[in-house]
Amino acid sequence: MTPPQSPIAPFELERYFARHEFVTQFLLCSSDIEGLTLRELLTLADDDMRERWESLTLGYTESPGHPLLRHAIASLYTTLHDDDVIVTNSGEEPIYIAMRLLLRPGDHMIVTWPGYQSHYEIARSIGAHVTLLPLHPRNGRWMIDLDELRAAVRPNTRVLLTSFPHNPTGALPTHNEWRAIAQLVETHGLRWISDEVYRGLEIVVADQLQAAADISPRALSIGAMSKTYAMAGARIGWSATQDAHLREQFLIYKDYTTICSSAPSEILATIALRAGDAVVARSRAIIDVNLALATQFFATHTEHFEYIPPAAGSIAFPRLRHSDADEFSAALLRTHNTLLLPASAFGYPQPHFRIGFGRPNFAQALAQLEDFLTV
Ligand SMILES: Cc1ncc(COP(=O)(O)O)c(C=O)c1O
């Protein structure tokens with residue numbers, strides 16, 4: 001008997017983390033921020049939320065999400081209402097559902113690349129044609145080429161998926177570039193999936209972009225508690241869109257994925273968002289310290305690396321000048337118990353690797369890399 005074949009290609013990055021994340025001493029490539037402890041988070045709770053936490057019953061929850069959580073999420077946007085938000089289980093779930101809703105076999109989709117594999121693999125598994133739109137390292141920043149984007153649009157293009165702040169490069173468009181992308185969506189009548197799970201981690205606060213869902217009725221913005229809010233283990237995310245029909249369809253689909261979110265996680269996420277300034281300040285403080293160390297490290301080792309610091313987010317994508325990224329990462333792991341993520345996990349054929357700035361032991365992890373270079 002032939003063994004069953006998955007109708008979708010393996011998620012290389014997630015398989016890589018599944019192999020290494022929980023057995024490696026120094027994680028130098030994580031994209032999330034060191035998770036909040038429950039104790040830390042609960043000290044941030046107001047009286048109302050503390051009472052809700054302590055008296056919580058572990059039953060089913062409302063499918064679109066707890067009303068207080070939807071309200072807290074809607075407050076992150078400038079024009080959206082509570083009803084525009086649907087709470088999901090993680091940032092992954094809305095990517096999956098949006099693709100299932102918006103793409104049919106034979107449709108065409110454009111997606112920023114390198115990127116999170118679900119951004120294009122789900123589309124391929126549906127039978128859609130995918131154009132991977134590369135980000136280029138030019139003039140000290142990573143960015144897509146807007147002319148390449150315009151040229152990629154076909155008569156059957158249904159969806160543009162952008163992912164900014166960008167994983168893995170830390171790229172962020174300028175406000176003008178972002179407006180140009182929104183304009184293109186409008187001109188061609190596309191649907192716009194905007195993965196914004198690192199929003200709030202811009203290095204310069206004024207660089208933060210308006211959420212796609214705020215500026216376009218054709219957009220669906222995806223958010224999550226996993227990165228900016230340091231709660232990856234809560235598995236809470238959301239979709240936000242002005243489009244009422246799309247929200248209705250989204251809920252129909254959600255009945256077949258997770259029905260509703262985890263009751264404890266919804267309360268914890270509401271606590272974190274109500275105390276959003278403090279939680280984000282904690283994440284930014286961890287990143288700031290580590291970015292300064294990285295800047296110094298890469299300035300000292302220009303013979304080995306080309307480094308473009310992130311404009312936003314918790315990660316960057318340096319290039320190795322003389323080594324193969326798979327071999328380099330494997331050797332570092334073997335000799336120094338330290339994890340980097342080679343570009344091959346993104347299907348990216350250049351000698352880059354992802355480095356992550358979200359861990360408090362970054363200095364020790366970087367010291368391992370330093371030692372590796374000298375032996
Ligand atoms: C761009 C992007 N989108 C979505 C996700 C998934 O987020 P979550 O962990 O909340 O499912 C990730 C996780 O790494 C990501 O980098």
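This report walks through the ligand site, two helices and the aromatic pairs of a predicted model.

## Around the ligand

Let's start with the ligand. It is surrounded by 16 residues, and the closest are G91, D195, Y198, S226 and K227.

Three contacts with ligand oxygen atoms are worth a look in your viewer. R235 brings an N or O atom of its side chain to 2.9 Å from an oxygen atom of the ligand. From E92, a backbone N or O atom lies 3.1 Å from a ligand oxygen, while S90 has a polar side-chain atom 3.5 Å from an oxygen atom of the ligand. As for coverage, the ligand taken alone exposes 390 Å², and the protein buries 94% of that.

## Helix α5

Helix α5 covers residues 92-102. Eight of its eleven residues are buried, so the helix is largely enclosed by the rest of the structure. If you would like to pick them out, the buried residues are E93, P94, I95, I97, A98, M99, L101 and L102.

## Helix α11

Further along the chain, helix α11 has twelve residues, 263-274. Does its length fit a helix, and what span should we expect? At 1.5 Å a residue, counting one less than the number of residues, α11 should span 16 Å; the C-alpha atoms at its ends are 17 Å apart, which agrees.

Helix α11 is also largely enclosed by the rest of the structure, because ten of its twelve residues are buried. These are A263, S265, E266, I267, L268, A269, T270, I271, A272 and L273. And what do they pack against? Their partners are the helices α2 (38-43), α3 (47-54), α4 (67-74) and α12 (276-300), together with the strands β2 (85-89) and β9 (236-240).

## Aromatic pairs

The structure holds 18 aromatic pairs. One of them joins F305 and F353: the ring centres are 5.8 Å apart and the planes stand at 75 degrees, so the pair is edge-to-face, since planes over 60 degrees apart count as such. F305 belongs to strand β10 (residues 305-306) and F353 to strand β15 (residues 353-356), so this pair ties together parts that are 48 residues apart in sequence. Both F305 and F353 are buried.

The two rings also have company. F305 and F353 sit in a cluster linked by ring pairs, along with F297, F298, Y307, F328 and F372.

Methods. Residues are numbered from 1 along each chain as its sequence is written. This is a predicted model: local features need pLDDT of at least 70, side-chain atom pairs count only at pLDDT 80 or more; totals for chains, interfaces and linings use all residues. Side-chain values use heavy atoms; hydrogens and water are left out. Helices (H or I, at least four residues) and strands (E, at least two) are DSSP runs, numbered from the N terminus. Buried means under 20% relative accessible area, exposed over 50%, partly exposed in between (1.4 Å probe, protein chains only). Contact means heavy atoms within 4.5 Å. Rings of Phe, Tyr and Trp (its six-membered ring) pair if their centres lie within 6.5 Å; planes under 30 degrees apart count as stacked, over 60 as edge-to-face and the rest as tilted. A residue is near a molecule or strand if one of its heavy atoms lies within 4 Å of it. A polar contact is a pair of N or O atoms within 3.5 Å; within protein, one must be able to donate a hydrogen and the other to accept it, and residues adjacent in sequence count only if both atoms are side-chain atoms. Accessible areas come from the Shrake-Rupley method with a 1.4 Å probe; for residues, only the protein chains shown count as cover.
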